[in-house]
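Hi everyone, thanks for having me. Let me put the structure up on the screen, and then we'll walk through it together.

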Amino acid sequence: MTTNKEKETKIFNAMKNHQEFLIRICTLDDIDAVIEVNERELPEDYPYFFYKNILDDFPESFLVAQNTYGKIVAYIMWRVEKAPSINSLKYVNKAHLVSIAVAEGYRRRGIAKSLLSNSMKAIKKYKIHEYVLEVRVSNYTAIRLYEKFDYKIESIKKNYYRDGENAYFMILNV
Ligand SMILES: CC(C)(COP(=O)(O)OP(=O)(O)OC[C@H]1O[C@@H](n2cnc3c(N)ncnc32)[C@H](O)[C@@H]1OP(=O)(O)O)[C@@H](O)C(=O)NCCC(=O)NCCS
């Protein structure tokens, strides 16, 4: 069995360019800190059990970034869904980005890029055909981030958010 410590080291070694931050797999003990980042940075809040279920089901792609003091400053989480492919009627596994946020004081340092690239690699083990996500049409910063990874806007989901804002549905074929 792989221990958390081993998983942590594995991911950290892939992060040579960002040694001021450790990118590692989330643990149960991190969930409260992840919720804190989420509640500060995003209007979409989730109950504790929601995070725990994602951690139980898809732990490899639930990553956090911690600073040199061990404080959690960012996270990313995904889930896998079976849904019809965008190109055919065949059901395929899609990796659905549930949430990503970086605490305001830690932005523009490549943390989101590292979280995305490491978690996208990790979730591939589920034989993913497509990566999919929703993003507020006004969230220029996040849209730019996803475009950097070659995600394309597939459609608009009207009134997707609780406050009525539309979402872009973005996809990336594996
Ligand atoms: C979107 C977010 C996750 C980006 O995090 P980050 O760690 O600052 O991003 P990075 O430093 O890795 O930057 C990645 C790319 O995103 C884009 N980007 C990030 N901040 C940007 C800004 N202020 N203006 C324009 N583009 C920006 C750039 O393309 C950047 O690449 P570059 O630095 O090579 O130009 C962060 O702004 C955030 O947490 N926002 C609030 C939560 C949120 O909106 N989550 C997404 C919900 S769908």
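Please find His96 in strand E4: across from His96, in E5, stands Val132. Keep in mind as we go that this is a predicted model. E4 and E5 pair in the parallel sense, over 4 bridges. How does the chain cross from E4 to E5? The path goes through helix H4, and this β-α-β crossover is right-handed. If pairing is new to you, here is the background: strands of a sheet pair through backbone hydrogen bonds, either parallel or antiparallel.

Now let's step back to the whole sheet. There are 7 strands, they form an open sheet with mixed pairing, and the order is E1-E2-E3-E4-E5-E7-E6. Which strands stand at the edges? They are E1, residues 22-25, and E6, residues 152-157; each has a single partner strand, so one side of each is left without a neighbour in the sheet. On average, neighbouring strands here are turned by 25° against each other, if we ignore direction.

Let's walk along from the E1 edge. E1 and E2 run antiparallel and are joined by 4 bridges. Leu22 has Gln66 of E2 as its bridge partner. Gln66 also stands opposite Ile72, which belongs to E3. E2, residues 63-66, and E3, residues 72-84, are antiparallel too, with 4 bridges between them. Their hairpin has 5 residues between the strands, and Gly70 in this hairpin takes a positive phi near 85°.

Next along is E4. How many bridges join E3 to E4? There are 11, and the two strands run antiparallel. One facing pair to look for is Val80 and Ala95, the latter in E4. E3 and E4 also form a hairpin, with 6 residues between them.

On the other side of E5 we meet E7, residues 167-173; E5 and E7 are antiparallel, with 7 bridges. Tyr131 stands opposite Leu172 in E7. While we're here, have a look at Phe169, also found in E7. Is Phe169 buried or exposed? The answer falls in between: Phe169 has 18 other C-beta atoms within 10 Å, and 20 or more would be needed to call a residue buried, so Phe169 counts as partly exposed. Leaving aside residues up to four places away in sequence, Phe169 touches Val132, Glu134, Glu154, Ser155 and Lys157. Take Lys157: along the chain Lys157 and Phe169 are 12 residues apart, and their C-alpha atoms are separated by 6.6 Å.

What about the helices on this sheet? H4 lies across E1, E2, E3, E4 and E5, running at about 35° to E3.

Last stop, the ligand. There are 19 residues around the ligand, and those that come nearest are Arg107, Ala112, Lys113, Ala142 and Leu145. Which elements each supply at least two residues of this shell? Strand E4 (91-102), helix H4 (111-123) and helix H5 (140-148) do. H5 gives the largest share, 5 residues. Sorted by class, the shell has 9 nonpolar, 3 polar and 7 charged residues.

To finish, let's return to our starting point: E4 pairs with E5 in the parallel sense, and E4 is also among the elements that supply the shell around the ligand. Thanks for listening!

Key
Residues numbered from 1 in each chain as written. Predicted model: local features only at pLDDT ≥ 70, side-chain atom pairs only at ≥ 80, totals over all residues. Near = placed C-beta within 6 Å. Nonpolar A, V, L, I, M, F, W, Y, C, P; charged D, E, K, R; others polar. Pairing = 2+ DSSP bridges. Axes fitted to C-alpha atoms, helices over the stretch in contact; angles between N-to-C directions. Contact = placed C-beta atoms within 7 Å. Right-handed = clockwise from strand over helix to strand, strands pointing away. Buried ≥ 20, exposed ≤ 12 C-beta atoms within 10 Å, placed from the backbone.
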